[in-house]
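Let's take a walk through this structure, going from the inside outwards. Have the viewer open and follow along.

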Amino acid sequence: MAKLRLLPVVAALCLALAGVALAAPKFVIQGRVYCDTCRAGFETVVSQYIPGAKVKLECRHYETDSIEHTAEGVTDGTGTYNIEVVDDHEEEICEVSLVQSPVPGCSEVSGSRNRARVLVTGRSGLASDVRYANSLGFLKDVPLKQCGLLLQQYALGVDG
């Protein structure tokens, strides 16, 4: 008799587990947006992270180049954005790109840091559902005064 009472509970548990297994995967694309205050093409110690910057995720089918998925995000107070993506996009090339900077004097899109490619699939070997994108940078109109000395410390342009 006790076995018969457990049957509906076991059946409900099996259905719940099957529902979880069939649920669409969810991913979070996370990255940061900064102001390249030295126009260096990369983050430096004087780079500033931009709150309120807009970014866009676009996934294109790798054979047809047709857009299969788009989403937008806005950075928080630390310049970090989080874009939630539902479903696996294994057969697509997904990239996050810069859309808009709210910072006057730092809204020029950098050609080298304007987009970042991310893998949005559960078959990537990654255990986490968070996918980290490289930082994206807007260029400051006029570099900060200390940038010349700072870039010399990086020894850029010096063969050695």
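Tyr81 is a good place to start in this predicted model. If you skip its neighbours within four places in sequence, Tyr81 still contacts a whole run from Ile29 through Gln30, Gly31 and Arg32 to Val33. The other contacts of Tyr81 are Val55, Val74, Thr75, Val96, Ala133 and Leu136.

That fits with where Tyr81 shows up next: the largest nonpolar core, which has 23 residues. Tyr81 is among the members that touch the most others, along with Ile29, Val33, Val55, Leu57, Ile83 and Leu136. Which elements give two or more residues to this core? They are the strands E1 (26-36), E3 (54-61), E5 (80-86), E6 (92-100), E8 (115-118) and E10 (136-139). E1 gives the most, with four residues. Apart from this core lies another one, of five residues, including Cys38, Val46, Cys147 and Leu150.

Now zoom in on E8. In a regular strand, side chains alternate between the two faces of the sheet. E8 has a covered face with Ala116 and Val118, while Arg115 and Arg117 sit on the uncovered one. E8 also pairs with E6, antiparallel, over four bridges; in one of them, Ser97 has Arg115 as its partner.

Last stop: the loop between E3 and strand E4 (67-74), where you'll find Tyr62. Is Tyr62 buried or partly exposed? Its relative accessibility is 48%, so Tyr62 counts as partly exposed. Leaving out residues up to four places away in sequence, Tyr62 touches Glu91, Glu92 and Ile93. Tyr62 and Glu90 are 28 residues apart along the chain, yet their C-alpha atoms are 9.4 Å apart in space.

Note on methods
Residues numbered from 1 in each chain as written. Predicted model: local features only at pLDDT ≥ 70, side-chain atom pairs only at ≥ 80, totals over all residues. Heavy atoms only, no water. Core = buried A, V, L, I, M, F, W, Y, C linked by side-chain atoms within 4.5 Å. Buried < 20%, exposed > 50% of the residue type's maximum accessible area, 1.4 Å probe, protein only. Contact = heavy atoms within 4.5 Å. Pairing = 2+ DSSP bridges.
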